Every structure is written in structure tokens, then in C-alpha cells.
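This report concerns helix packing and empty space in a single protein chain. Please examine the sequence and the structure before reading on.

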Amino acid sequence: MEIDDTVVQMVKELARIPASIKSWRGPVTELLNDHRIFNSNSNVALSWKPIIKTLFDIDKTAFPELLGKVATAPSANIFTNREYEMLQRSLNIRRLSYVLFTGDKNHFLTQLPTIQEKLVDILKNVSAPIVQSEVYLCIRVLLCRLSPHNLTSFWPVILTELVSLSVHYLRTHLDAPDTSIACSSKSWHRCRRTDRRICSLSLLPANV
């Protein structure tokens with residue numbers, strides 16, 4: 001979604017005036033809820049970053065509403081398009097990731113328990129790859145936006161997912177019909193090296 005830079009600058013200046021939020025909150029919220037926003041390049045995302053941050057700082061109902069969309073239970077209607085439903089859920093998780101990205105270091109620390117609860121619930125109950133990939137992206141954003149000592153409660157979740165992915169990788173390769181014992185052994189060692197590399201990158205403190 002391409003928007004004229006002049007318009008973005010005007011909204012950015014308006015966002016500096018707290019009393020003006022009623023004039024720009026609606027259009028900005030609609031823009032954030034439009035899936036086409038994720039077709040933009042990184043420069044567009046950075047230009048909207050301070051505006052989105054201001055919106056969620058001033059409007060105290062915006063973040064709970066976004067979490068509510070992320071945690072929406074699947075519809076019980078048998079005529080519901082499941083693929084579309086999973087797509088919408090993945091986009092809502094991506095919106096959450098972007099909102100977290102717009103904040104400063106530890107900006108959303110007070111909301112971390114609720115965020116963790118929602119993400120863990122999704123990992124447990126939703127097996128759609130398109131949704132799980134967005135959850136992993138959200139966790140990566142949290143790793144960047146929160147200090148390591150504030151993520152203590154998140155490490156069991158991350159380690160559990162790393163082990164689960166490793167087991168899935170091994171099962172996929174070991175159960176392949178054309179895979180020899182030698183290839184399986186190589187896959188095992190390659191997976192072990194990959195797992196150690198991921199752990200070394202994700203678990204080291206930021207100052208190392």
C-alpha cells in the first residue's frame with residue numbers, strides 16, 4: 001500500500017498533538033487493519049512506526065482489542081472457510097508483531113504476561129503453519145524489544161518449540177522411504193549442529 005509521503009508527514013505531525021487523536025485515529029486504525037499494509041516495503045513500515053506507537057500509547061483500548069483479535073477462537077460454523085480464517089488470524093498476529101516492533105525497549109513489558117498467554121495458547125491449539133510461523137516471528141520481535149532478564153518466563157516456551165521443531169525435522173527425514181541409514185545419520189548430526197547454532201544465537205545475552 002503506497003501513501004504519499006506528504007500525508008504520512010502530516011499525520012506524524014498531528015500525532016505530536018495528543019488532543020488531535022480523534023482526527024487521525026480512525027484512518028490510521030483502518031490502515032493498520034488493511035492487509036495490504038504488509039505488502040509495503042521496509043521504508044514505509046519505518047515511516048509509520050512513530051505514528052502507530054503514538055496511537056497505542058494514547059488509545060488504551062487499542063492493544064487489548066488487538067490481543068482479542070489474536071486470541072479469537074475458531075468458528076464452530078461448518079461452513080466457515082478455515083483457510084481464510086487462519087489467514088486472518090496470521091495477519092492479526094503480524095499486526096501484533098508490528099505494534100511490538102514500534103515500541104522502544106521494554107515498552108510493552110507490562111503486557112508481556114498477556115502476550116505470552118495468547119501466543120502459548122495458539123501454539124498449543126493451532127497447527128496451521130501459516131499461523132505458527134507468525135507466532136515465531138512475534139517471538140523474535142519480543143527477543144529484540146525486551147531485555148533478556150525480562151524474558152525468563154519465555155525461555156521454557158522457546159526451548160519447547162526448538163525441541164519440537166528438531167523432533168519434527170528428525171521424524172521427517174528418518175521416516176522418509178528412500179533415506180538410508182547413512183543419510184539418516186548425517187541428518188541427525190546436521191540437525192544437532194543446527195540446533196546448537198540456533199540455541200547459541202537465541203539464548204546468549206545481548207551484550208555477548
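The sections below treat two helix contacts, then a pocket and a cavity.

## Basis of the report

The structure is a predicted model. Two packed helices are described by the angle between their axes and the distance between the axes. Rolling a probe the size of a water molecule over the atoms shows where empty space is left.

## Helix α3 and helix α1

Helix α1 covers residues 5–14 and helix α3 covers residues 42–58. Their axes lie 9 Å apart and make an angle of about 25°. Angles under 35 degrees count as roughly parallel, and α1 and α3 are therefore roughly parallel to each other. Their crossing is left-handed.

On the α1 side the contact is made by Val 8, Val 11 and Lys 12, which meet Ser 47, Trp 48, Pro 50 and Ile 51 of α3. By class, the residues of this contact comprise 5 nonpolar, 1 polar and 1 charged.

## Helix α3 and helix α2

Helix α2, residues 21–33, packs on α3 at an angle of about 115°, with 11 Å between the axes. Because the range from 65 to 115 degrees counts as roughly perpendicular, α2 is roughly perpendicular to α3. The crossing of α2 and α3 is left-handed.

From α2, the residues in contact are Ile 21, Trp 24, Arg 25, Val 28, Thr 29, Leu 31 and Leu 32. Their counterparts in α3 are Trp 48, Ile 51, Ile 52, Thr 54, Leu 55, Phe 56 and Ile 58. The contact divides into 11 nonpolar, 2 polar and 1 charged residues. Trp 48 and Ile 51 of α3 take part in the contact with α1 and also in the contact with α2.

## The second largest pocket

The second largest pocket has a volume of about 390 Å³. It is lined by 16 residues, of which Ile 37, Phe 38, Ala 45, Arg 94 and Tyr 98 are the closest to its centre.

Helices α3, α5 (82–102) and α7 each contribute at least two lining residues. The most come from α3, which gives 5 residues. The lining consists of 11 nonpolar, 4 polar and 1 charged residues.

## The largest cavity

The model contains 1 cavity of 30 Å³ or more. The largest cavity encloses about 50 Å³ of space. Its lining is formed by Leu 100, Asp 104, Phe 108, Leu 112, Ile 115, Leu 142, Arg 145 and Leu 146. The elements that give two or more residues to this lining are α6 (112–125) and α7 (129–145).

By class, the cavity lining holds 6 nonpolar and 2 charged residues, with no polar ones. Helix α7 thus appears in the lining of the cavity and in that of the second largest pocket.

Definitions and conventions
Residues numbered from 1 in each chain as written. Predicted model: local features only at pLDDT ≥ 70, side-chain atom pairs only at ≥ 80, totals over all residues. Heavy atoms only, no water. 1 Å grid on protein atoms, 1.4 Å probe; cavity = no way out; pocket = protein on both sides within 12 Å on 5 of 7 lines; lining within 4 Å. Points joined across faces, edges and corners; volume = space filled by probe spheres on them. Helix = DSSP H or I, 4+ residues; strand = E, 2+ residues; numbered from the N terminus. Nonpolar A, V, L, I, M, F, W, Y, C, P; charged D, E, K, R; others polar. Axes fitted to C-alpha atoms, helices over the stretch in contact; angles between N-to-C directions. Parallel < 35°, antiparallel > 145°, perpendicular 65-115°, else oblique. Left-handed = near helix turned anticlockwise from the far one by under 90°. Contact = heavy atoms within 4.5 Å.
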